[in-house]
Every structure is written in C-alpha cells, then in structure tokens.
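Work through the exercises below with the model open. Try each task before reading its solution.

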Amino acid sequence: HAAQALGRVGRADFVPYLATHLDDEWEVAAQGARALARLGEAGRSALRAREASPARGHGLELARHFLW
C-alpha cells in the first residue's frame, strides 16, 4: 500500500526508494513498478535502468511490462 500511495503523490524524489524494491516480494515489486510508471520521466528512467542492468528476476519482467 505504501508503494501505491507514493505513486499517487507524484513526487519524483520517491523514485530511488521505489526502484530499490523491484526485486522484493512480488506484490511489493509490482506495486513499486506501477508507482514508478506513474511518476513520469524519472520513474520511467528508473525502469529503463532496471531493464538494462544485468540482474534477472521479476524486477526485470516488471520493468519491461511497465515500459511497454
């Protein structure tokens, strides 16, 4: 619920916090990715960075999904 709320607030300064949780438990990661997608260019930039990183996992799939 915290990630949902942060996405609704619309403040880009929450982007780094949300981006660090893209590989957490599925529900947390999914809500974080959704919030990043709502935070404009700063959020999309964080999703692109996760997509470009060598790390695998559901964070990569979520980044791809929300960038698509």
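The exercises that follow concern a predicted model.

**Exercise 1. Fold outline**

Task: State how many helices and strands the protein chain has, and give their pattern.

Solution: Start with the count. The protein chain has five helices and zero strands. Now read along the sequence. The pattern is α-α-α-α-α.

**Exercise 2. Overall dimensions**

Task: Compare the radius of gyration of the protein chain with that of a compact globule.

Solution: Take the length, 68 residues. A compact globule with that many residues would have a radius of gyration near 11 Å. The protein chain has 10 Å, which agrees. Then look at the C-alpha trace. Along its principal axes it spans about 30 × 25 × 20 Å.

**Exercise 3. Burial, contacts and surface**

Task: Find what share of the residues is buried, what share of the contacts links distant positions, and what the surface is made of.

Solution: Buried residues are 34% of the 68 in the protein chain. Next, take the contacts with a separation of 6 or more. Of these, 50% join residues 24 or more positions apart. Finally, the surface. The protein chain exposes about 4,100 Å². Carbon and sulfur atoms supply 56% of that area.

**Exercise 4. Charges**

Task: Determine how far apart the mean positions of the positive and negative charges are.

Solution: Count the charges in the protein chain: 9 positive and 8 negative. Their mean positions are 6 Å apart.

**Exercise 5. Helix 3**

Task: Check the span of helix 3 against expectation, then list its buried residues.

Solution: Helix 3 covers residues 26-38, which is 13 residues. From its first C-alpha to its last, helix 3 reaches 18 Å. That is close to the 18 Å expected at 1.5 Å a residue. The buried residues in helix 3 are Ala29, Ala30, Gln31, Gly32, Ala33, Ala35 and Leu36. Step past the end of the helix. Just after helix 3, Gly40 takes a positive phi of about 70 degrees.

**Exercise 6. Two buried residues**

Task: Explain why Gln31 and Ala63 count as buried, and name their contacts beyond four places in sequence.

Solution: Begin with Gln31, in helix 3. Its relative accessible area is 10%. The cut-off for buried is under 20%, so Gln31 qualifies. Beyond its neighbours within four places, Gln31 is in contact with Ala3 and Gln4.

Turn to Ala63, in helix 5 (residues 58-67). Ala63 counts as buried because its relative accessibility is 0%. With neighbours within four places left aside, Ala63 is in contact with Leu47, Arg50 and Glu51. One distance completes the exercise. Ala63 and Glu25 are 38 residues apart along the chain, and their C-alpha atoms are separated by 15 Å.

Methods: Residues numbered from 1 in each chain as written. Predicted model: local features only at pLDDT ≥ 70, side-chain atom pairs only at ≥ 80, totals over all residues. Heavy atoms only, no water. Helix = DSSP H or I, 4+ residues; strand = E, 2+ residues; numbered from the N terminus. Rg over C-alpha atoms; globule rule 2.2 N^0.38 Å. Buried < 20%, exposed > 50% of the residue type's maximum accessible area, 1.4 Å probe, protein only. Contact = heavy atoms within 4.5 Å. Areas by Shrake-Rupley, 256 points an atom, 1.4 Å probe, with all protein chains shown as cover. Lys, Arg positive; Asp, Glu negative; His and termini not counted. Charge placed at Lys NZ, Arg CZ, Asp CG, Glu CD. Expected span 1.5 Å × (residues − 1).
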